[in-house]
Amino acid sequence: MTLTSTAAGELATSSPAGAGARPAKARTRRSGSRRLARAGFLFVLPAVIYIVGFQLVPVVYGLVLSFTDYSPLARSGPEFVGGANFAKVLGDPRFLHSLLVTGQYVLLVLPPLLILALLLAMMVNKPFRGVGFFRSALYVPHIVSLTAVSMIWLWLYSDNGAINGLLEGVGLGSQAWLLDPDSALPAVAAMRVWKALGSNMVLLLAGLQTIPAELYEAARMDGAGAWARFRYVTLPGLKPILMYVVATDIIFLAQSFAEVFVLTKGGPLESTTVANVLIYNEAFQYNSMGSASAMAFVLFAFIAAFSLVAVRNFARRP
Amino acid sequence: MSVTLQRRPASGSGFRRWRRRLRPGSFLVLFASSMLVLLPFLWMISMAFTPTEQAFGDVSLLPAEPTFDNFVRAVEDANLLPALLNSLIVGAIAVATNCVFAIAAGYGFAMLPFRGSTALFYALIATTAIPISVTLIPLFLMARGFPLTGGNDILGQGGIGLLDSLGGIVLPFIVLPLNIFLARQYFSSSAPDLAEAARIDGAGELRVFWKIYLPLARPLVAVIAIFSFTAVWDDFLWPLVTISSPEHQTVQLALTRFLSAGNIQYGPMMAGAVIATLPVLIVFLFNQRHFISGLSEGSVKG
């Protein structure tokens, strides 16, 4: 605390001490750089305190909770139960099912999303008249909230909604998209691909723009066709950003909640009960916060493992 | 719009580049994808103006007899106006705190490195990978036990703390690590000579930051303001968990009121979605460049 207050004083009063003590030049420089370092520390301190307090402390707190039995309605505090929650949760078919659904959801969204986003990014990479319009238009779903977007699609998928209207218009029968256990998860996934396309495209576009044009020229001189240029110039050049995109996509997709809550509430027949929906219900509907925390940490472990595997695989192959 | 107009003469060899066109095939694919992306929004707007009786089985984009009834019902049924105000307030708080603390932190990491600052920076950024489900329950309990709020004593006992309050909604958004990242990226590419000159003139570090670098960083402030606002505005799970009374609902929560009814009233729901989308869409249309470049530049340079 004393350190903080003196340094804060220095910050405010533009340090006349530094100007007064002139003699040894080296000494002033060193104390000057120390002064700068201290100022830097003070600049980052509020953010550090906040993030430690509201990101790291909760993780530790959550880990502690996962070894306890705790209902927020109970008068007594959390009761230590050891690894019982983890044993219970890992033997719980509902939870294992939700992990499976989460994995299916990620797999349904990620490949089409990456392929489409890359295709579109390559098309809007060249400057041409109207490129700004396409970039912005494709980005619009990203800026609209998941809740609002899900509501639009709830109507599109409804019995008398636009999708069934179009299908009937061309002579195909209508389908109960969100009420059929076979089509509910793909339907939610299709919406998510649509929603995430723009942000993925923009990130990949930025990656494409870091690839020097000379590399393409050189490849062309060597007689490389379009596919060879894509395979040996574009893909290797995109590797870092592709890794970033895949990892963040996995991290975000595996935590999906709002779209499922709005579109299906986890149904029909739990076909869309992703892990976060189950965790939410466990913690806030059934007030079982200990086991919900255990579920959250198991999910965390899976997300971390899969995003690491994805990053590694992408790192090895171009 | 004005952006494109200004740009043409600015880039010297640009004139030729602007005239370059896409191959017809690519153009067709782009056009079709853009339409597929925009069509649901056009339907949303169309539905919002369509009288409920006509809404079903109608795939035309222009309502035959446009009406404002759905908007009136959305505002009345879902309590949308107070919810909009709540969302605006918490959004403004998050914008203010992020603009001060996240930018200061990014500046400190970029311009005033201290021992271990790089490691600390990456540790902070790594927290973005922590899943929300892991922190959701502890944050809920911490908000409930927040001292001296919501009837709590100094030990956080006795009341509901920050639960069911606007302060509670904004709690996870005070400083977003992504914003620190963007700020550091921004300042690490700005020139240090100005700071050195100012220091020789006897300016303190706070003054150098506040008077010299912050005024130059207006694009950064715009990006961080936009990200912070949309993060709070769009959030759904945290308000769902913490807010219990209707008067503290945010826009996204208020929208879900249309879902709870037995048969969903799509007209008013679409009107509500239009209202909830409009503020963000307007900000986007005026700042497209900031939205898109801010996101891409920040992530690539790192």
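Trainee: What makes helix α13 (residues 275-285) of chain A count as mostly covered?

Mentor: Nine of the eleven residues of this helix are buried, where buried means under 20% relative accessible area, exposed means over 50%, and partly exposed lies in between (1.4 Å probe, protein chains only). The buried residues of α13(A) are A:Ala275, A:Asn276, A:Val277, A:Leu278, A:Ile279, A:Tyr280, A:Glu282, A:Ala283 and A:Phe284. The helix itself, like the others, is a DSSP run (H or I, at least four residues; strands are E, at least two), numbered from the N terminus. After α13(A) comes A:Asn287, with a positive phi near 55 degrees.

Trainee: What should I keep in mind about the model and its labels?

Mentor: The model is predicted, so local features need pLDDT of at least 70 and side-chain atom pairs count only at pLDDT 80 or more, while totals for chains, interfaces and linings use all residues. Residues are numbered from 1 along each chain as its sequence is written, chains are lettered from A and ligands numbered from 1 in the order in which they are written, and side-chain values use heavy atoms, leaving out hydrogens and water.

Trainee: Why is the pair of A:Arg94 and A:Glu282 called a salt bridge?

Mentor: Their side chains meet at 3.5 Å, N to O, and the rule asks for a side-chain nitrogen of Lys or Arg within 4 Å of a carboxyl oxygen of Asp or Glu, so the pair qualifies. Since A:Arg94 lies in helix α5 (residues 93-123) of chain A and A:Glu282 in helix α13 of chain A, the pair ties together parts that are 188 residues apart in sequence. The partners differ in cover, for A:Glu282, at 6% relative accessibility, counts as buried, whereas A:Arg94, at 33%, counts as partly exposed.

Trainee: How many salt bridges are there over all chains, and which pair crosses between chains?

Mentor: The count over all chains comes to seven. One of them joins A:Arg35 and B:Glu205, with their closest N and O atoms 3.5 Å apart, and this pair crosses from helix α3 of chain A to helix α11 (residues 205-216) of chain B. A:Arg35 is buried at 18% relative accessibility, and B:Glu205 is buried at 0%.

Trainee: Why are B:Arg73 and B:Asp77 said to be about one helical turn apart?

Mentor: They are four residues apart in helix α4 (residues 69-77) of chain B, and therefore separated by about one helical turn. They form a salt bridge, with the closest N and O atoms 3.7 Å apart. B:Arg73 is partly exposed at 29%, and B:Asp77 is partly exposed at 42%. Elsewhere, salt bridges that share partners join A:Arg35, B:Arg199 and B:Glu205 into one network.

Trainee: What makes the pair of B:Phe121 and B:Tyr122 edge-to-face?

Mentor: Rings of Phe, Tyr and Trp (its six-membered ring) pair if their centres lie within 6.5 Å, and planes under 30 degrees apart count as stacked, over 60 as edge-to-face and the rest as tilted. By this rule there are 36 aromatic pairs over all chains. The centres of B:Phe121 and B:Tyr122 are 5.1 Å apart and their planes stand at 70 degrees, so the pair is edge-to-face. B:Phe121 is buried at 0% relative accessibility, while B:Tyr122 is partly exposed at 45%. Both rings belong to one aromatic cluster with A:Phe41, B:Phe109, B:Phe114 and B:Phe181.

Trainee: How do you know that the charged end of B:Arg184 sits over the ring of B:Phe121?

Mentor: The charged end of B:Arg184 is 4.0 Å from the ring centre, and a charge sits over a ring if NZ of Lys or CZ of Arg is within 6 Å of the ring centre and within 35 degrees of the ring normal. In chain A, the charged end of A:Lys265 likewise sits over the ring of A:Phe261, 4.5 Å from its centre.

Trainee: Why does A:Leu56 count as partly exposed?

Mentor: Its relative accessibility is 38%, and so A:Leu56 counts as partly exposed. A:Leu56 is placed in helix α3 (residues 25-65) of chain A.

Trainee: What does the UniProt annotation "transmembrane region" cover in chain B?

Mentor: The unreviewed UniProt entry gives residues 27-49, 88-112, 119-140, 160-182, 216-233 and 266-286 of chain B; such annotations may be inferred rather than shown by experiment, and their positions follow the numbering used here, with shortened feature names. In the model, residues 27-49 of chain B are 96% helix and 0% strand, with end C-alpha atoms 32 Å apart. Residues 119-140 of chain B are 77% helix and 0% strand, and their end C-alpha atoms lie 29 Å apart.
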